[in-house]
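Thank you all for making time this morning. I would like to walk through one model with you, and I will try to keep each statement close to what was computed from the atoms.

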Amino acid sequence: VADAVGADRVYLYAPASAIPAVRYALDERCGQRYDVRVVEAPDTFVAGEESAVISRLEGRPARPRDRVVTPAVSGFRGRPTVVNNVETLAHLALIARYGAAWFRSVGSGDAPGTMLVTLSGAVRRPGVFEVPTGIRLTEVIGTCGGADPHRVQAVLVGGYHGTWLGPPAVAQADLSAGSLARFGAAPGAGVIHVLGAGECGLARTADIAAYLAGQNAGQCGPCVSGLPRLASLLEQVAHGPVRPGLVDEIRRAAGLVEGRGSCRHPDGTARLVRSALETFAGDIDAHRAGRCEAERR
């Protein structure tokens, strides 16, 4: 990639736990043209955002910043910069080695190849799996995770900035942008969390929202004030009873943070919350009556 774009500087940005393996892999490469500089990524949720990465490489805190132009035009110290994740770079290397036809021999027609899926939650085999794009979501849960897809209450697709899918959507969806778009979701980074039949989806969402509120960069109002407010309202829904107007208040708070942040952190949190209100609507009714559907499963 560095050769293709004429770069004269290359960085690898990785968490501290991965750096020994990264350095070992770099040492194995013989005769490489580039002195690859390894930079430690802070253990925060927003540290992997594109502009936060560039900020960290420049020696400043790993915080997102307002982007008037894309990094490809003005990135690292104002210079054109290519930023990719390692999965994309690995695909490019394999395509260069084996060709486009080989790459297109697996996966879906409109988005061929494979993807890495990080599977967690109510599964027997959590972990990272390489799967063909377009694989059925039920197959990921069953074949990879070793869980019964029919006993799943909901699935969070796309990680903490993703979308909750209920059983009907889980049964129909596959891991492709086109399929998931029908349900307001996207594959994202391939992070999938399975909610077990006896778990409360509202309580799980409240926990995630509280975590996301604490992971803000502390530099814009939607994150500093809006996300903690949203998390507080979700905590009330999760541990009810649900007072009149509370759900409308949550929707309003989600709308107020969306599109107003320095990065997409508030937008992703709002998307998660809205999907929870839809997917767990029945449980909201139960909480309104002082019950929880999870207790009956």
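I will begin with the overall dimensions, go on to the strands, then take a few single residues, and end with the enclosed and open spaces.

Please keep in mind throughout that what you have in front of you is a predicted model. The protein has 297 residues, and since a compact globule with that number of residues would have a radius of gyration near 19 Å, the value of 21 Å found here agrees with that expectation. If we take the principal axes as our frame, the C-alpha atoms fill a box of roughly 70 × 45 × 35 Å. As for accessibility, 42% of the 297 residues count as buried, and the secondary structure amounts to 13 helices and 7 strands.

Let me turn to the strands, starting towards the N terminus. Strand E1, which covers residues 10-15, pairs with strand E2, residues 36-41, in the parallel sense, and there are 6 bridges between them. To get from E1 to E2, the chain passes through helix H2, residues 19-28, and the resulting β-α-β crossover is right-handed. If you would like to find the register on your screens, look for Val 10, which stands opposite Val 36 in E2, and then for Tyr 13, whose opposite number in E2 is Val 39.

Val 39 also serves as a reference point for another strand, namely E4, which spans residues 127-132 and contains Gly 127. Gly 127 and Val 39 are 88 residues apart in sequence, and their C-alpha atoms are 26 Å apart in space. Gly 127 itself is partly exposed, because its relative accessible area is 24%, and the class of partly exposed residues begins where the buried class, under 20%, ends.

Now to strand E5, residues 152-157, and here I would ask: how many of its residues are buried? The count is 6 of the 6, so E5 is largely enclosed by the rest of the structure. E5 has pairing partners in both E7 and E6. With strand E7, residues 191-196, E5 runs antiparallel, and 5 bridges join the two; within that pairing, Val 152 has Gly 196 as its bridge partner. With strand E6, residues 163-165, the sense is again antiparallel, over 3 bridges, and in this case Val 157 is matched with Thr 163. E5 and E6 form a hairpin with 5 residues between the strands, and in that hairpin Gly 158 takes a positive phi near 100°.

That brings me to backbone angles in a residue that is not a glycine. As a rule, most residues other than glycine have a negative phi. Arg 77, however, has a positive phi of about 50° although it is not a glycine. Arg 77 sits in the loop between helix H3, residues 50-57, and H4, and it counts as exposed because its relative accessibility is 53%, where the cut-off for that class is over 50%. The loop between H3 and H4 also holds Val 83, which at 29% relative accessibility counts as partly exposed. Although Val 83 and Ser 51 are 32 residues apart in sequence, their C-alpha atoms are 9.3 Å apart in space.

Finally, the spaces. Searching the whole structure for cavities of 30 Å³ or more gives 1, and the largest cavity has a volume of about 60 Å³. Among the residues that line the largest cavity are Val 46, Pro 64, Cys 220, Cys 223, Cys 263 and His 265, and by class the lining has 6 nonpolar, 5 polar and no charged residues.

The second largest pocket holds about 250 Å³ of space. Its lining is made up of 19 residues, and those that lie nearest the centre are Ala 111, Thr 114, Met 115, Thr 133 and Pro 187. Helix H4, residues 86-98, and strand E3, residues 114-121, are the elements that give two or more residues to this lining, and the largest share, 3 residues, comes from E3. Which classes of residue does the lining of the second largest pocket contain? It divides into 9 nonpolar, 9 polar and 1 charged.

That is where I will stop, and I am glad to take your comments.

Technical notes: Residues are numbered from 1 along each chain as its sequence is written. This is a predicted model: local features need pLDDT of at least 70, side-chain atom pairs count only at pLDDT 80 or more; totals for chains, interfaces and linings use all residues. Side-chain values use heavy atoms; hydrogens and water are left out. On a 1 Å grid over the protein atoms alone, a cavity is a set of points where a 1.4 Å probe fits but cannot get out, and a pocket is an open set with protein on both sides within 12 Å along at least five of seven lines; lining residues have an atom within 4 Å of a point. Grid points are joined across faces, edges and corners, and a volume is the space filled by probe spheres set on the points. Helices (H or I, at least four residues) and strands (E, at least two) are DSSP runs, numbered from the N terminus. Ala, Val, Leu, Ile, Met, Phe, Trp, Tyr, Cys and Pro count as nonpolar, Asp, Glu, Lys and Arg as charged, and the others, Gly among them, as polar. Two strands pair if DSSP finds at least two bridges between them. A crossover is right-handed if, with the strands pointing away from the viewer, the path from the first strand over the helix to the second runs clockwise. The radius of gyration is taken over C-alpha atoms; the globule rule is 2.2 Å times the number of residues to the power 0.38. Buried means under 20% relative accessible area, exposed over 50%, partly exposed in between (1.4 Å probe, protein chains only).
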